[in-house]
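Me: Hi! Could you walk me through a structure? I'm new to this, so plain words please.

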Protein chains: 2
Amino acid sequence: MRTVNPEQHARKRARILAAAAEEFAANGVDGTSTARICRRAGIGSGTLFHYFPTKKAIFHALFADDLARTAEIRDRALAMPDPEEGFALLFDRLTADLDDPQAPGLIAAALIQASRDVKFAGLLGDDEARTLAALTTLLERLATKGRTPPFPPPRAARWLVTVIDAAYLAATDDGYDPAAHAAELRHVAAWLTATPLPPPSRGGGHR
Amino acid sequence: MRTVNPEQHARKRARILAAAAEEFAANGVDGTSTARICRRAGIGSGTLFHYFPTKKAIFHALFADDLARTAEIRDRALAMPDPEEGFALLFDRLTADLDDPQAPGLIAAALIQASRDVKFAGLLGDDEARTLAALTTLLERLATKGRTPPFPPPRAARWLVTVIDAAYLAATDDGYDPAAHAAELRHVAAWLTATPLPPPSRGGGHR
DNA sequence: GTCTATATTCAGATAGAC
DNA sequence: GTCTATCTGAATATAGAC
């Protein structure tokens with residue numbers, strides 16, 4: 001009998017997700033029809049529902065894949081003996097997609113989805129809570145080394161996340177220069193955390 | 001013959017817009033049916049389309065009303081002899097809706113709409129460009145008084161707007177305290193602009 | 001009320017692994 | 001040769017703008 005080829009399956013799944021991301025980023029969840037995703041992915045509608053049970057599930061998968069990788073890096077950062085290194089690692093991850101032109105649209109779509117889809121809200125909320133906790137811990141460790149940010153660690157962590165989110169949104173502006181923007185963001189983050197950030201580790205984004 | 005009562009007309013129009021704002025903020029444009037707006041506004045669908053030609057037009061009106069008032073205040077701020085006072089006035093306006101729970105949803109809806117609706121994108125883009133220009137001018141005037149922000153005025157203005165946008169989005173967090181948040185935002189803004197901001201002028205928001 | 005758009009289903013066709 | 005993964009496109013039923 002025929003068996004499932006995991007590699008092939010994963011490839012096609014990724015292709016569908018890429019097509020869906022483009023559509024969702026441009027038109028939101030409700031503004032995207034499954035037919036458009038199919039057309040862009042070059043498949044029939046039956047195939048789409050062979051890989052994902054519902055349109056909502058496609059959107060969930062798009063984020064779940066990403067959040068899983070973030071969780072990994074978060075743990076790695078917390079396990080590092082040097083908090084400065086850990087902080088830099090996590091910061092790099094959180095800003096890795098700054099040059100992804102789809103980011104603003106996907107964030108907007110996610111915001112709306114979260115207000116209507118409890119499960120999805122939990123997915124995002126959980127991740128955010130863990131990220132805030134990790135950043136707080138790292139900032140507390142840095143504080144014992146004499147680094148005192150303008151706000152107490154939990155609030156500094158909150159503002160850091162806020163500013164990073166803001167940086168993603170600003171990618172909609174015209175005349176947007178990812179490199180210059182990233183450099184400025186490092187400057188703002190350094191002030192917020194009283195921690196100089198080393199130049200970004202080359203190696204590129206991850207999507 | 002029966003004539004229109006302008007006051008009554010405006011009242012009902014405002015009521016429809018309020019209902020629409022609530023729905024759009026929670027479900028986005030595509031996720032909101034005109035039927036839901038009608039139900040919430042307590043009117044029939046015929047009435048809705050008597051006041052607005054299309055669903056899109058309702059969304060436009062929601063923002064156009066607000067942007068017109070912002071434009072007014074922007075001009076007033078630029079005309080002030082003391083740039084510090086002008087800056088404070090404009091800043092207060094830009095942050096006036098921070099305690100509006102609908103703000104995050106409406107911003108998300110606007111982001112998606114802007115990517116699909118050229119006219120709407122123009123509406124927002126125009127306003128943003130004017131606001132950036134006004135802030136830049138004010139920061140330049142402040143610079144001549146010895147206030148030197150961490151970035152040159154156009155970039156400092158850009159970051160200020162970006163951070164304010166982000167502050168609106170952060171209003172989705174639980175445990176969100178508008179007052180504390182606003183105070184911290186003032187601190188961040190003061191650093192970004194090298195300008196101490198006086199305590200917010202009481203008088204409340206405007207929506 | 002009308003008329004269009006669209007998520008999801010289904011009955012079937014093809015083809016690779018055993 | 002059989003069994004199942006994979007894929008298709010028409011059919012359905014429902015919702016929603018106007």
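The chat below goes through the chains, the domains and the DNA strands.

Reply: Happy to! One thing to keep in mind is that this is a predicted model.

Me: Good to know. How is chain A related to chain B, by what turn and what shift?

Reply: A turn of 180° with a shift of 0.1 Å along the axis lays chain A on chain B, and the RMSD is 0.1 Å. That is how a two-fold axis relates things.

Me: And how many residues of chain A are in contact with chain B?

Reply: On chain A there are 28, and they are in contact with 28 residues of chain B. The elements of chain A that give two or more residues to this side are α1, α6 (103-114), α8 (153-169) and α9 (178-193). The largest share comes from α8(A), with 8 residues.

Me: What kinds of residues are on that side of chain A, by nonpolar, polar and charged?

Reply: The side of chain A that touches chain B has 16 nonpolar, 7 polar and 5 charged residues.

Me: Why can we say the copies meet through the same surface?

Reply: Because 100% of the interface residues of chain A are also interface residues in chain B.

Me: Nice. New topic: what domains does chain A have?

Reply: The domain assignment gives domain 1 (1-52) and domain 2 (60-207) for chain A. Their centres, taken over C-alpha atoms, are separated by 28 Å.

Me: How many residues are in contact between those two domains of chain A?

Reply: In chain A, 10 residues of domain 1 are in contact with 8 residues of domain 2. The domain 1 side of that contact has 8 nonpolar, 1 polar and 1 charged residues.

Me: Now the DNA! Which residues come nearest to DNA strand D?

Reply: Of the 21 residues around DNA strand D, the nearest are A:Met1, A:Arg2, A:Gly44, A:Gly46 and B:Ser33. Two or more residues each come from α1 (6-27) and α3 (45-51) of chain A, and from α2 (34-41) and α3 (45-51) of chain B.

Me: Which element gives the most there?

Reply: That's α3(A), with 4 residues on the surface near DNA strand D. By class, this surface has 5 nonpolar, 13 polar and 3 charged residues.

Me: And what comes nearest to DNA strand C?

Reply: There are 13 residues around DNA strand C, and A:Arg2, A:Ser33, A:Thr34, A:Gly46 and A:Lys55 come nearest. Here α3(A) gives the most to the surface, with 3 residues. The surface near DNA strand C divides into 3 nonpolar, 8 polar and 2 charged residues.

Key
Residues are numbered from 1 along each chain as its sequence is written. Chains are lettered from A and ligands numbered from 1 in the order in which they are written. This is a predicted model: local features need pLDDT of at least 70, side-chain atom pairs count only at pLDDT 80 or more; totals for chains, interfaces and linings use all residues. A residue is near a molecule or strand if its C-beta atom, placed from the backbone, lies within 6 Å of it. Ala, Val, Leu, Ile, Met, Phe, Trp, Tyr, Cys and Pro count as nonpolar, Asp, Glu, Lys and Arg as charged, and the others, Gly among them, as polar. Copies are superposed by least squares on the C-alpha atoms of residues with pLDDT of at least 70 in both. Two residues are in contact if their C-beta atoms, placed from the backbone, lie within 7 Å. Domain bounds come from an automatic or database domain assignment.
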